[in-house]
Amino acid sequence: MISLQEPNLPSLAGRYRRQDPQVSALFGGHPSREEDWRQRAEWLDRESPLRADRQRVTEALKAYQAKLTVHPAAQRSLELLAQPDTLVVVGGQQAGLFGGALLIYYKALTVIQTARYAERLLGRPVVPVFWIAGEDHDFEEANHVHVQTADGQVGRIRIERPEGSRLAVSRTLLSPADWESAVAELEAALPDTEFKPGVLNRLREHTADSPTLSLAFARLIAEWFGPEGLVLLDADDPALRAAEGPMFRELIGRNDELERALAQGERAVTGLGLPLQAETAPGSANLFLHHEEGRLLLHKDNGLFVDRRGHVSLAYEDMLALTEDAPDQLSTNALTRPLMQDYLFPVLAAVLGPSELAYWGILGQAFETFGLRIPLLVPRQSFAYLEHTISKLLAKFSLTVEEALTEWEARKAKWLSDQDQWDLHGRFQTAREQFLALYAPVIETVSSLQPDLAKLSQSNRDKILEQITYLETRSVDALSKRHEASLRQWDRIRSSLKPGGKDQERVYGTLHFWNKYGPDWLAAWKDVPFDVSGGFRLADG
């Protein structure tokens, strides 16, 4: 496993990974320091009364796992979770169609590896938990996956959102026709491989009863990582929401304190010269309400909790009543979800992507306001997967992976220029210069003969230059066609490692490589060395 050069950007996540003391101070600890793991575990042991009832949470998770393929290792994790000395490593993501992008797979892998690392370090059980943000209502973020098609292009497979209000993804019902259409579209896009029939069969089995997108996603993640003991939850699970009622009551009752704490956190981040990932809005309750009109963001207005579209107006007492009678109507946002997560579980560490780390940077005071402390934050591991065929092409063109990721266009242009034994650019440039030198006296002569011929002569000169440029373009095209096969190989390098100029892990779905290389490809990741500080590494196929 080779580390790849990362841009030395002054982002919060980048400075955190490099153990910048000012940024680490925002969170109170760093995963690279073994003593911080022990101190976090000791604090969790002392403060256990602040959390939700462990047995109630465990029973809710067991009921949810029953909807998935429950592997013995995951079942064992659930049993451990009920024990008072068990700690948790958690990481999460919104669902993604057919497993979503590679970064989701890498995040689940990091959660599992972090739990194993902590278990060895502390000598006590640590359970990996994957938090599916099924309460999110942005269906368009979850409804697609990208694969590389047979012709080497990036294909986008999507499932349409049903008509109606923008409900949470876990409350958006999909029909058998919706699922079959998406699978059929995928089948047409995926290249034919020996693994393709099995992949499609598994997807059809997971979607045969027309589940929500979140549940279908959970079934696939459970298939991939259940044998590693990963426990899954859906944040919109009613049984889990019932256990969250007391924390919702705190978030509502002390909402003004929460708002002040978040503002203080924002000042701490901007004071370090760092931008905010998303600035909080004055008067925001940082809570949502599930409503027939959709998932509504709540704001405070003269003692009432309202949404901007005028659908609801709830008094303080009405909100508190929901925490007792209908907690499943309430929902956290990106800033209150971490607090709820820490209330539900003894969270030893949370696995976060770069944007999430930036969000969490403002949360230190909010955690303290509610008698909590930020857990250790482990950056999600990031990889560029190098296929064997691409590795051979890199060798052919004497190209490193770093150059392919950061200098591909320039390197490709230089390679093509090196194939130009005629020095086309130089010859055409010389022709232009010689023509201009020869033509300049002509312009001068005709202009002195008749002044109004000056404009005509200049126009004539420009047309001749245009023809020279046109011939040069055609000549370069001819050169490209002569090396068309090699240029397609250059494009294959790009489409594999940085499709569309974007990070591979943010474009291609895990599904793409599962179809191409089969289940052994999935299994091989479990032996990848763990880096507690994250980083960007090369995974060689």
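Select Leu 322 in this predicted model and display its surroundings: leaving aside neighbours within four places in sequence, Leu 322 is in contact with Leu 289, Leu 314, Pro 327, Gln 329 and Leu 330. The residue belongs to helix α13, which spans residues 316-325. Is Leu 322 buried or exposed? Its relative accessible area is 13%, and because the limit for a buried residue is under 20%, Leu 322 counts as buried. Next, add Arg 249 to the selection; its C-alpha atom is separated by 8.8 Å from that of Leu 322, although the two residues are 73 residues apart along the chain.

Move now to helix α5, residues 72-81, and colour its buried residues: Ala 74, Ser 77, Leu 78, Leu 80 and Leu 81. These residues lie on the same side of α5, because they cover an arc of only 160 degrees around the axis. To see what covers them, show the neighbouring elements, which include α4 (54-65), β2 (87-93), β3 (126-132) and β6 (231-234).

The nonpolar cores come next. Select Trp 37, Phe 98 and Trp 525, which touch the most other members of the largest nonpolar core, a set of 76 residues. Helix α6, residues 102-122, is the greatest contributor to this core, with 14 residues. Centre the view on Trp 525: residues up to four places away in sequence not counted, it touches Tyr 105, Tyr 106, Leu 109, Gln 113, Phe 383, Tyr 385 and Ala 539.

Finally, select Phe 345, Trp 360, Ile 362 and Leu 372, which are among the 64 residues of a second, separate core. In soluble globular proteins, nonpolar side chains tend to be buried together.

Methods:
Residues are numbered from 1 along each chain as its sequence is written. This is a predicted model: local features need pLDDT of at least 70, side-chain atom pairs count only at pLDDT 80 or more; totals for chains, interfaces and linings use all residues. Side-chain values use heavy atoms; hydrogens and water are left out. A nonpolar core is a set of buried Ala, Val, Leu, Ile, Met, Phe, Trp, Tyr and Cys residues joined through side-chain atoms within 4.5 Å. Buried means under 20% relative accessible area, exposed over 50%, partly exposed in between (1.4 Å probe, protein chains only). Helices (H or I, at least four residues) and strands (E, at least two) are DSSP runs, numbered from the N terminus. Contact means heavy atoms within 4.5 Å. The arc is that of the directions from the helix axis to the C-beta atoms.
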